[in-house]
Amino acid sequence: MILIVDDTPENLISLRKVLELNGFEVDTASSGEEALRKVLKQSYILIILDVQMPDMDGFEVAETLSGFSGTKDTAIIFLTAVNTDIQYVKKGYVSGGLDYITKPVDINILLLKVKTFYRIYEQNRRLAEMRQALEEEIEIRKEAEKKKDEFISVASHELKTPLTSIKGYVQLLQRTIETEKKEVVRQHLTRVQGQVEKLNALVIDLLDMSRIESGKLQFNETYFSLDALLDLVIEETRQTHPEVGIVRTGYAGREVWGDEMRIEQVLVNFITNGIKYSPEQKEIEIHVRVTADRVYVGVRDHGIGINKEHQQHIFRKFYRVEDNAHRFQGLGIGLFICQQIIESHHGEIGVKSIPGEGAEFFFSIPFVHMEQPQAGVKLSLDKNS
Ligand code: ADP
């Protein structure tokens, strides 16, 4: 907006009219004091300031304005008598743009100057916006870089733990094999196998992560039996975690379109997390529900649960709940991968949880093949938990 300051009402009216006709928003003040009052309340891009005014003249107004923090980008055009030395004015007003027009005002020149100031103002504004966007981008990249460094250190640690274990068992095996204690050898081998599987799972997650990053996560979709897949996953969990009780309710009852191995990956992830984050009560419930066109699978545990604040973030890459990070091993990428998988199935993924009482991680996907790819996965968080 432009502020015209002039003690002659006719000047105010005629200038205002011309500027408004040219599409500018205009405000007026008939004295220096009124101008200062207005400037305190509202910011102006340009002030057209008459120099010769009673009480407070235009130079004094400009000098006072230079002390206001809000006017640092405001330009001033003085309307002066022919022989005024503009250098004198510059001393008083250093910020913003500055120019002058001699009276009587040539309206075409004034318009030209106003337009130039507006153009400069627009360019400056755009530059400032770009600078801010760049600064934000730099911050985001710095943060991502930091996260990556942290991730590499956590990942190396996670990979080293099973490796150290395997090394230990292999040394034990070398010694035991001499004594021909077959049962002990078998026990050590089972442990080695468990650790190798852990390593394998970690490497698979890391590979998936890098495929997601490069947009190369592949899907092999067909119709498959979700019920048979659930039976299989439950059976395997019973074998690998005999201490965990698994209860299942509900059936899909018909085939589902999707990548069976990827859906298995999501289920295994939910279940292993359910077991991992339930240090005391080892029971997992699997609930299957069916609506007209979708099937819902929820994996419920009775573990530590997650509060609302963290629920919003746990599907993000590398996100781990800080308070538990030292208690439970992990890379913070499992749920991120699950989210990507469910996104590719046009599905919904989410969690319902009451801290201290456990969590239910769920997904729901359409039964049938959907032609149109969806823009993004819908993350669903329970409003009541
Ligand atoms: P990871 O378990 O390797 O840290 P995930 O991506 O699988 O990574 O999970 C992200 C975070 O979500 C975990 O660090 C944990 O804080 C939280 N979380 C996941 N599953 C559960 C669960 N069943 N109960 C409580 N917290 C969970």
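Start with helix α7, which passes helix α8 in a right-handed crossing. The model on screen is a predicted one.

**Stop 1: two helices**

Select residues 226-240 for α7 and residues 260-276 for α8. Their axes come within 10 Å and cross at roughly 40°. That angle makes α7 oblique to α8, because angles from 65 to 115 degrees would count as roughly perpendicular and those under 35 as roughly parallel. Now show the side chains where the helices touch. On the α7 side, the contact includes Leu226, Leu229, Leu230 and Val233. On the α8 side, Ile263, Leu267, Val268 and Ile271 are among the residues that meet them. The residues of this contact divide into 10 nonpolar, 1 polar and 3 charged.

**Stop 2: strand β10 and its partners**

Move to residues 294-300, which form strand β10. Is this strand mostly covered or uncovered? β10 is mostly covered, with 5 of its 7 residues buried. Add residues 283-290, strand β9, which pairs with β10 in the antiparallel sense over 6 bridges. The two strands form a hairpin, and 3 residues lie between them. To see one pairing, pick arginine 289, which stands opposite tyrosine 296 in β10.

Next add residues 358-366, strand β12. β10 and β12 run antiparallel and are joined by 7 bridges. Here, select valine 299 and its bridge partner in β12, phenylalanine 361.

**Stop 3: phenylalanine 59**

Go to helix α3, residues 58-65, where phenylalanine 59 is found. Its relative accessibility is 13%, so phenylalanine 59 counts as buried, the cut-off being under 20%. Select glycine 32 as well: the C-alpha atoms of the two residues are separated by 9.5 Å, although 27 residues apart along the chain.

**Stop 4: backbone exceptions**

Most residues other than glycine have a negative phi, and most peptide bonds are trans. The remaining selections depart from this.

- Aspartate 55 is in the loop between β3 (46-50) and α3. Though not a glycine, aspartate 55 has a positive phi of about 60°. Aspartate 55 is exposed, with a relative accessible area of 72%.
- Histidine 346 sits in the loop between α11 (334-344) and β11 (348-354). Histidine 346 has a positive phi of about 55° and is not a glycine either. At 11% relative accessibility, histidine 346 counts as buried.
- Proline 104 lies in the loop between β5 (98-102) and α5 (107-179). Which residue does a cis peptide bond join to proline 104? The residue is lysine 103, and omega is about -5°.

Conventions. Residues numbered from 1 in each chain as written. Predicted model: local features only at pLDDT ≥ 70, side-chain atom pairs only at ≥ 80, totals over all residues. Heavy atoms only, no water. Buried < 20%, exposed > 50% of the residue type's maximum accessible area, 1.4 Å probe, protein only. Helix = DSSP H or I, 4+ residues; strand = E, 2+ residues; numbered from the N terminus. Pairing = 2+ DSSP bridges. Axes fitted to C-alpha atoms, helices over the stretch in contact; angles between N-to-C directions. Parallel < 35°, antiparallel > 145°, perpendicular 65-115°, else oblique. Left-handed = near helix turned anticlockwise from the far one by under 90°. Contact = heavy atoms within 4.5 Å. Nonpolar A, V, L, I, M, F, W, Y, C, P; charged D, E, K, R; others polar.
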